[in-house]
Amino acid sequence: VSEINKNKIFQFIEDLFPLCRSITGSATRKTLKYIQDYVPIELFSVPSGMQVFDWTVPEEWNISDAFIKDMDGNKIVDFNENNLHVLNYSRSIHETMRLEKLKKHIYTMPEHPEWIPYRTSYYEKNWGFCMRHSNFEQLNEGEYEVKIDSNLESGKLNYGELYIDGESEQEVLFSTYICHPSMCNDNLTGPAILTFLAKNLLEKDELKYNYRFLFIPETIGAITWLSQNEDKIDNIKGGLVATCLGDEGDFTYKKTRSGESYIDKVSLKTLKDLNFDYEVMDFFPWGSDERQYSSPAFQLDMGSIMKTPYGQFPEYHTSADNLEFISSDSLYSSLEAYLKFVKILENDKFLINTNPKCEPNLGDRGLYDKIGAAKDSNKQKHAIFWLLNLSDGSNSLLDIAMLADMDFEYICETAKVLAGKGLLSAKE
Amino acid sequence: VSEINKNKIFQFIEDLFPLCRSITGSATRKTLKYIQDYVPIELFSVPSGMQVFDWTVPEEWNISDAFIKDMDGNKIVDFNENNLHVLNYSRSIHETMRLEKLKKHIYTMPEHPEWIPYRTSYYEKNWGFCMRHSNFEQLNEGEYEVKIDSNLESGKLNYGELYIDGESEQEVLFSTYICHPSMCNDNLTGPAILTFLAKNLLEKDELKYNYRFLFIPETIGAITWLSQNEDKIDNIKGGLVATCLGDEGDFTYKKTRSGESYIDKVSLKTLKDLNFDYEVMDFFPWGSDERQYSSPAFQLDMGSIMKTPYGQFPEYHTSADNLEFISSDSLYSSLEAYLKFVKILENDKFLINTNPKCEPNLGDRGLYDKIGAAKDSNKQKHAIFWLLNLSDGSNSLLDIAMLADMDFEYICETAKVLAGKGLLSAKE
Amino acid sequence: VSEINKNKIFQFIEDLFPLCRSITGSATRKTLKYIQDYVPIELFSVPSGMQVFDWTVPEEWNISDAFIKDMDGNKIVDFNENNLHVLNYSRSIHETMRLEKLKKHIYTMPEHPEWIPYRTSYYEKNWGFCMRHSNFEQLNEGEYEVKIDSNLESGKLNYGELYIDGESEQEVLFSTYICHPSMCNDNLTGPAILTFLAKNLLEKDELKYNYRFLFIPETIGAITWLSQNEDKIDNIKGGLVATCLGDEGDFTYKKTRSGESYIDKVSLKTLKDLNFDYEVMDFFPWGSDERQYSSPAFQLDMGSIMKTPYGQFPEYHTSADNLEFISSDSLYSSLEAYLKFVKILENDKFLINTNPKCEPNLGDRGLYDKIGAAKDSNKQKHAIFWLLNLSDGSNSLLDIAMLADMDFEYICETAKVLAGKGLLSAKE
């Protein structure tokens, strides 16, 4: 990850920011195609009306314009100014109506009068506008021309998938959603980080695990993918749901459903070794798509490495979650975390001490000071002792790094030295 | 439980207070018969001399009068003023003796000079008086007429039992003792709470568990009951020993022997959900009859929900543990706790999510806001998500309420809503 | 342990202090022979060149003199003044050389300019001197006569072993090292405490466990012993490595590799019951010979009861770890700890309550106050109740003492009383 990439991650988000995405529709397809400029994700679609477990794939929604005009022809609210102004999935309407009636279809945030809220109505035909409360309060009685030029008809639900082949049978799942209109932390940061993570993994010569990246509409997309891929569940070791990765807050790790999975161990060591400040949240069965992946029939170990979690920053689901709210530095540190997460997964393994009876003669192998007895606390010597003592087949390198309270990477490097001397070998 | 009952609990104690109960005798029988005015307990008796495990049922004790008179004929100590004045189980005596001899048979509490201590001598023939230390110090040298008109002869040991039939094979045991003379917190509050609890359960149309209520003399009564009912042990799920339930202190829960039994979970959730302040004590093998029920051969899970525990209030086993020491409000809250304990037991069960693959479509079933994406933290929505996610057959409603940190009752109500929509069903 | 012994322990160290011990050589043999004045340890030897697991037994080292003289004939450094002056295992040399060359063979401690450091070069042929940094800084340019009159040739590695026979098949291992020249806390205190502990055990009429005491050179000695005694490993229940037992600091317990072994329980209860202040350290795979005993193939439960651990006192491995640094009081308390450790091991056992159904009638057996109902908290009564309640075959006396939070010894005494009354019996 270089400084150049740091700006590229931000650029990715900047490019996609204007599109009025939703759980279906052309803007979402454009978003997926844009991602293909970076990594070769495969595009899938399912038709409206298809049954996916307990759900039905909805009609496809597209929108070209929307506004509220006062009787003098002034646009009070304009979709072209900010696509959050339209209740996402609004049916079309073109009508002149009194303020009294119009008000029932307007959503504001009195506690943040200058922000436009983000609201949706996917599964009930409805129409509406979201606007700044300060503007709303200035509306005069009288009539308004209301227009939403949208289209809701049988079509498709689209999602993208990238599968990177590794040696093992097991796969690691990274999932993010691509259904939010012009907002950044939630959620363009998720697709951005996963795109750059995937790009990085594609450049590797070899990988231990298979990696699957999903770019899907939230909820209905995860449900759709799971319904189409039940046969793949057994091979999934677990993974991460990527969201809220660009704000300036500390990291947060939301644990997997079991609370003590391998994914939890890897994630916590990731954040610890990077010396990031972080908080840990126990699993709760809402939030993002981990609630689908962790439902009783699947119980996949899906955690979330995030910055400030959804719902915990005031800008969440408002027009204030914009390009100013995120920073390329924060995105860069998030990518570092996801890369470290993969690095630990890829390098963790069980090694066996080939000289299990007492310690091997380290001095003979050039691994020990020839002049002894000093009260030194040589870090490498300690790493060597931990590795030799714990490599009895029951502790992986990650376990050893945790017990030794040492960086995973340092333990790995030391293990390589010992393996090079024949003192550690792969567990059969 | 209404305000009327609140006074009735106190009245129950007031009525029984004057009787000079012991582990046997007519006052104890009168007490059991008085309880029959409320609930149809069955009376049992075993004869003096019967072997019960390592013990022998003692002779029956009855007393009609007792006093110490000075040579002027003034009653220094009078059984009719307070029955604690007599060493419980004293043999009869009528003798004139010098103070020096008399003193060896007098018990006082120098640290509380105005209180009469409560002392017993069940298993060694003896006689004695308990008196206020302030009076004791005013005794002049000289002779005193000492009379105890009591009777100790072959008779019976009595106890009462109420069995309420439920659907399950398993039973829940509530045990209290009816052997203390005029004292309230220890112990008339125990029989009072269990009587009103039993009355409440008898009014229920159906019960899941069988409930057994024991009103027995402490120690020898529990030993007797266990020796007569060894065949019932296997079906006992556990239960509570009821005592010290009327003082103004906070609640205390004394755990069962295992310290992590189902009874412990139910008891702790009971006190938490009622928002009572409470302390938790680990099990210790003395106290009340839990020490018999939890002996190595039985190891029943018997806890104790109490207010201030025996031995931890200065009035314990003295004349100060009287009607002024307890309050109807405190008794009322204790009854609430016992009712809640039963409510949790009765309503806890394992349910299964009938749509275990992803979450079911809650909006279609009217269980979800149609306008989405707001940062709300709707309590019912969270309860629904917890129930759906955890109802995989390994978590009961109580487990879910604890993991969700929500009221058990609220989880149950929400589970009913979900079951009504066909989303949860009984575990086979 | 009497006051007389207290001085004797110190005398033991005083006598051995002057010898220039190493991992081989005559001074080490003299040390072992001195120990034979106290206890009949058996002396073993293995020849130089012998293969012991991954190691080769080194040549034997002996030294008679060493010095550095300036050109005026003044001895700047004199082995006879302090044997730490010579790099332990130095080859012989007699040469006149310029300061520049000499300096490469001199070790000092700039941070403690008045202390001579202790350094070794067992496995690489080398020569060197250790000196006070204050003296080193006063060395003038010019030439020096350097002489080390030592001898490094094929010989033997010696160690001592004492086996005390007990009834059980299992043995307890106490190991210490005898390879350090003139230093006390590390390490003459270890041989001293184990010698007096062994002396005490030899005086016992009967012992439950077999006890094995090892007086060996550190590292190579432990490796040698293990390589010669692999058949004995299975019977070793665990034990202690004795070192650093004479300074004025608090006690430290370094746990065994598993961190929750029986040895850990016994050690922690030892220090608790003696009311010593102590700290607990988790296991780490360096330090002393526990790192050999706990290597993957053996995984023996070897803990260390110490005062201030090696490396944690500034005087460690310097001339300041001398007779002034230790005290007979501290040595005495260490011996107390080791004796208590054995006492718990020897007396711990599983007893069975012979009256497991309810409590036995204690009053009939004179174990209970005849006048009851007082709020007393009689310690013996509580010990009796704990013993009767927990002696169900799953708790040993040590377990019971820990659960009851009572002195192990008090629980044992009470158990004897109960066994005397037939209320407890040995577990078959």
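**A guided look at chains A, B and C**

B:F53 has a relative accessibility of 22%, and it therefore counts as partly exposed. The cut-off explains the label: a residue is called buried when its relative accessible area is under 20%, and exposed when the value is over 50%, so that partly exposed covers what lies in between. The model in which this residue is found is a predicted one. As for its place in the chain, B:F53 belongs to the loop between β2 (51–52) and β3 (55–56) of chain B. Its backbone also deserves attention, since phi of B:F53 is near 50°, which is a positive value in a residue other than glycine.

Chain B offers another residue to set beside this one. B:Q299 is not a glycine, yet its phi is positive and lies near 50°. This residue sits in a loop as well, between α8 (290–293) and β16 (302–306) of chain B. With a relative accessible area of 34%, B:Q299 is partly exposed, because that value falls between the limits of 20% and 50%.

From these details one may turn to a whole chain. Chain A contains 12 helices and 19 strands. Its C-alpha trace spans about 95 × 45 × 35 Å when taken along the principal axes. Of the 428 residues in chain A, 62% are buried. How much of the contact pattern in chain A comes from residues 24 or more positions apart? Among contacts with a separation of 6 or more, such pairs account for 80%. The surface that chain A exposes amounts to about 16500 Å², and carbon and sulfur atoms supply 43% of that area. As to charge, chain A carries 44 positive and 67 negative side chains. The centres of these two sets lie 3 Å apart.

One peptide bond in chain A calls for closer inspection. The bond that joins A:D186 and A:N187 is cis, with omega about 25°. A:N187 lies in helix α5 of chain A, which comprises residues 184–202. Chain C may be examined at the corresponding place: the peptide bond from C:D186 to C:N187 is cis, and its omega is near 25°. C:N187 is part of helix α5 of chain C, residues 184–202.

Chain C also provides an example of a buried residue. C:I106 is found in strand β7 of chain C, which covers residues 106–107. Its relative accessible area is 10%; because this is under 20%, C:I106 is classed as buried. What does C:I106 touch, apart from its neighbours within four places in sequence? It is in contact with C:I68, C:F129, C:M131, C:F136 and C:L139. One of these partners, C:F129, is 23 residues away along the chain, and its C-alpha atom is separated from that of C:I106 by 4.9 Å.

The arrangement of the chains comes next. Two copies of a chain are related by a rotation about an axis and a shift along it. For chain C, a turn of 120° and a shift of 0.2 Å along the axis lay it on chain A with an RMSD of 0.1 Å. This is the relation of a three-fold axis. The C-alpha of C:E260 is the one in chain C nearest the axis, at 12 Å from it. Chain B is superposed on chain A by a rotation of 120° with 0.1 Å of shift along its axis, and the RMSD is 0.1 Å. In chain B, the residue that comes closest to the rotation axis is B:E260, whose C-alpha is at 12 Å.

Finally, the chains meet at interfaces. Between chain C and chain A, 33 residues of chain C are in contact with 23 residues of chain A. The area buried between these chains is about 2500 Å², and carbon and sulfur atoms give 55% of it. On the chain C side, C:D54, C:W286 and C:P296 lose the most area to chain A, together 24% of what that side buries. Between chain B and chain A, 23 residues of chain B are in contact with 33 residues of chain A. Here the buried area is about 2500 Å², with 55% given by carbon and sulfur atoms. The residues of chain B that lose the most area to chain A are B:C358, B:I371 and B:N389, which together make up 25% of what that side buries.

Terms used. Residues numbered from 1 in each chain as written. Chains lettered and ligands numbered in written order. Predicted model: local features only at pLDDT ≥ 70, side-chain atom pairs only at ≥ 80, totals over all residues. Heavy atoms only, no water. Helix = DSSP H or I, 4+ residues; strand = E, 2+ residues; numbered from the N terminus. Buried < 20%, exposed > 50% of the residue type's maximum accessible area, 1.4 Å probe, protein only. Contact = heavy atoms within 4.5 Å. Areas by Shrake-Rupley, 256 points an atom, 1.4 Å probe, with all protein chains shown as cover. Lys, Arg positive; Asp, Glu negative; His and termini not counted. Charge placed at Lys NZ, Arg CZ, Asp CG, Glu CD. Least-squares fit on C-alpha atoms with pLDDT ≥ 70 in both. Buried area = accessible area lost by both parts, 1.4 Å probe.
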